[in-house]
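Biologist: Hi! I'm new to this one, could you walk me through it?

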Amino acid sequence: MDKVLMSTGKDDWGTPQELYDRLNKEFNFTLDACASTYNYKCDKYYTKEQDGLNKSWKGETVFCNPPYSREGGQAKWIEKCYKEAKEHDITVVALLPARTDTKVFHNFVIGKAEIRFIKGRVKLEDKNRKAKDAAPFPSMIAVYHGNQDSDKVISV
């Protein structure tokens, strides 16, 4: 398994293009809220230096693949996705680890977002290359539908 996927030393793995393309076909994203100069998916994107956590996402249809570690602020990103969707009545779609035992999952995902569990493990990307192995954890898509909470859970 790629040691980088297991470490906290790298927190900017990119979304597989095929997965993003399927979601983008459905949602037509206008903002990649948590990207880098080499893994962004939309023409408009925020890098770590631009700090999407402290920007308004008003008027956007947002895709977010946040850092997966505590050190990277994953919980803050998930809370931000929920709050921006509610406050601005926008759609926010996040690729997240399916960590259903966490406080952030219970506070800001379940009952608040449509949850799409991904069958199998996602192969994240880094500078246009896929990781040798799949992520060491299951993943899900959380879809925040504006100011409407959701209890929809599906498997994809």
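Modeller: Happy to; we'll take the cysteines and then a strand.
Modeller: This is a predicted model, where local features need pLDDT of at least 70, side-chain atom pairs count only at pLDDT 80 or more, and totals for chains, interfaces and linings use all residues. Residues are numbered from 1 along each chain as its sequence is written, and side-chain values use heavy atoms, with hydrogens and water left out.

Biologist: Thanks! How many disulfides does the structure hold?
Modeller: Zero. A disulfide here is a pair of cysteine sulfur atoms within 2.5 Å. For Cys34, the nearest cysteine sulfur belongs to Cys64 and is 5.1 Å away. Cys81 is in no disulfide either: the sulfur of Cys64 is its nearest, at 3.9 Å.

Biologist: And is Cys34 buried or exposed?
Modeller: Buried, with a relative accessible area of 16%. Buried means under 20% relative accessible area, exposed over 50%, and partly exposed in between (1.4 Å probe, protein chains only). Cys81 counts as buried too, at 1%.

Biologist: New topic: how many residues of strand 7 are buried?
Modeller: Six of the seven in strand 7, residues 139-145. Strands (E, at least two residues) are DSSP runs, numbered from the N terminus.

Biologist: Which way do strand 3 and strand 7 pair?
Modeller: Antiparallel, over seven bridges, with strand 3 covering residues 91-97. Two strands pair if DSSP finds at least two bridges between them. Strand 4 (residues 114-117) also runs antiparallel to strand 7, joined by four bridges.

Biologist: What is the bridge partner of Ala94 in strand 7?
Modeller: That's Ala142. Ala142 is also the strand 7 bridge partner of Ile115.
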